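Reader: I would like a close look at one part of this model, the sheet with the most detail to offer, together with the charged side chains around that sheet. Please begin with the whole chain, so that the part has a setting.

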Amino acid sequence: MACPCCGNASTSRDEALRLPDACPACGHRWQSTVAVTPSDYRTQQHRNDTNSPGHQDKLSDRLRDIGPLLNAGMHILEIGCAEGSLGQLVRGVKDVTYTGVELSADAESAARLLNRVIRSPANSIAGESFNLLLSFHVLEHIEDIAGELAHWRRLLVDGGSLLVEVPNQAGHRLLSMDPNLEHIHQFTPSSLTALLHHAGFEVQRLETGHWESSVYSDSLRVLARPALSDAQRRTRLLQRFLARLPEPFAAWGIGGDFRGYVEPLLDSLPVAALVDNAAQRHGERHGHLVVEAYDPLRHEALPILVCSVRHREEILHDLASLGIAASRIVTLDDIFGTSES
Ligand SMILES: [Zn+2]
């Protein structure tokens, strides 16, 4: 059987040692014989050990990562909300609509604390979308993780976030195998990343060492978001250029950074001239434009884009000595500088 996370076909099984299947590429392990099915959870209760000494610290640790993702009015779905304590905390921080998915009888307690509780698997939810998906220690219980993640992606809006936590491998550094029969999958940072990638997510942050309980003291927490397509990346980058340079401008410094970062967008940008101080570049053609020397008469009115990251200071110095006002100048750092939009 191919690895359910990375797709590698040469996975192994050791029948004699009764080890689960393993993928040598991403380290994922999984049980091919499933002992516990979704219907087995229905009669269970008090799944979360809310009296354990670490319970409040665990919730605080989760809330620390969730807090910065919250906006008033957002719709949150927690897959596996247990008795609803995390949702109750989140609702105390921001005015959000919080829906929980819970198969066990803990759904009854959760219904008193959350806006809504759905007592069927998340893959039964259709025609709804959420800004934030949360899931702590659920994915390892699900047999078809690829199908599940693909469904989670469909439940999430394009600008949304997914925060998911599972045991890191066996969940404890000193255990090789997770003995919990409910756990079909043992993830590694690589296998969870591969699974998310295949489901159309990109990882923003990945951490090990989160505490779930004494025997699951090493949990893997990933913040992910829907991946952008190549076309979406291009459009967003173009928007950044056009926000700074909406009118015809001169591109200055026609070297490697220009070829890497500006030339691919040349057809969609209002570039009126390509300028470089180096005479050996003059006459070089890029698209419909030819590299030339700075001509104060023809270029005087144009804003200037400094097209080199590495030689930015040098070029800025040259521009200053030509008496070009700083207000006319935009750098690639101005455009690429912030990490997100
Ligand atoms: Zn794999």
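Author:
**From the whole chain to one sheet**

In this predicted model, the protein has a radius of gyration of 27 Å, whereas a compact globule of 341 residues would have one near 20 Å. Along the principal axes, the C-alpha atoms fill a box of roughly 80 × 50 × 35 Å. The secondary structure comprises ten helices and 16 strands. Of the 341 residues, 47% are buried. Among contacts with a separation of 6 or more, 62% are between residues 24 or more positions apart.

The part to examine is an open sheet of seven strands with mixed pairing, in the order β5-β4-β3-β6-β7-β10-β9. Its edge strands are β5 (116-118) and β9, each of which pairs on one side only. From one strand to the next, the twist averages 15 degrees. Helix α2 packs on this sheet and touches β3, β4 and β6, and its direction makes about 175 degrees with that of β4.

Start at the β5 edge. Strand β4 (residues 97-101) and β5 run parallel and are joined by three bridges. In this pair, V101 of the model stands opposite I118 in β5. Further along the order, β3 and β6 are also parallel, again with three bridges. Here L77 stands opposite L133 in β6. On the other side, β6 is joined to strand β7 (residues 156-167) by six bridges, and this pair runs parallel too. S135 stands opposite V164 in β7. Strand β6 (residues 130-136) is largely enclosed by the rest of the structure, because six of its seven residues are buried.

At the other edge, Q204 is found in strand β9 (residues 201-210). Q204 has a relative accessible area of 36% and is therefore partly exposed. Not counting residues up to four places away in sequence, Q204 touches L223, A224 and R225. The C-alpha atom of Q204 is 25 Å from that of V309, which is 105 residues away along the chain.

Next come the charged side chains. Opposite charges can pair when the charged atoms of the side chains come close. The whole structure has 19 salt bridges. One of them joins the side chains of R119 and E108, at 3.8 Å from N to O. R119 lies in the loop between β5 and β6 and E108 in helix α3 (residues 107-113), so this salt bridge ties together parts eleven residues apart in sequence. R119 counts as partly exposed because its relative accessibility is 27%.

A second salt bridge links R116 and E128, with an N to O distance of 2.6 Å. R116 belongs to strand β5 and E128 to the loop between β5 and β6, so the parts tied together are twelve residues apart in sequence. Both partners count as partly exposed: R116 because its relative accessibility is 34%, and E128 because its value is 29%. A third salt bridge is formed by R153 and D158, whose closest N and O atoms are 2.8 Å apart. D158 counts as exposed, because its relative accessibility is 52%. Elsewhere, salt bridges that share partners join K58, D61, R62, R64, D65, E165, R205, E207, E212 and R221 into one network.

E83 presents another case. This residue lies in the loop between β3 (75-79) and α2 (85-93). E83 is buried but has no salt bridge, and K58, the nearest side chain of opposite charge, is 7.7 Å away. A salt bridge requires a side-chain nitrogen of Lys or Arg within 4 Å of a carboxyl oxygen of Asp or Glu. Leaving aside neighbours within four places in sequence, the contacts of E83 are N48, T50, H55, D106, S109, A110 and L113.

For reference, a further open sheet has six strands in the order β13-β14-β12-β11-β15-β16, with mixed pairing. Its edge strands, β13 (285-286) and β16 (329-331), each pair on one side only. Strand β15 (residues 304-306) and β16 pair in the parallel sense over three bridges, and V306 stands opposite T331 in β16. Helix α9 (residues 312-321) lies across β11 (249-252), β15 and β16, and runs at about 150 degrees to β15.

Notes
Residues numbered from 1 in each chain as written. Predicted model: local features only at pLDDT ≥ 70, side-chain atom pairs only at ≥ 80, totals over all residues. Heavy atoms only, no water. Helix = DSSP H or I, 4+ residues; strand = E, 2+ residues; numbered from the N terminus. Buried < 20%, exposed > 50% of the residue type's maximum accessible area, 1.4 Å probe, protein only. Lys, Arg positive; Asp, Glu negative; His and termini not counted. Contact = heavy atoms within 4.5 Å. Pairing = 2+ DSSP bridges. Axes fitted to C-alpha atoms, helices over the stretch in contact; angles between N-to-C directions. Rg over C-alpha atoms; globule rule 2.2 N^0.38 Å.
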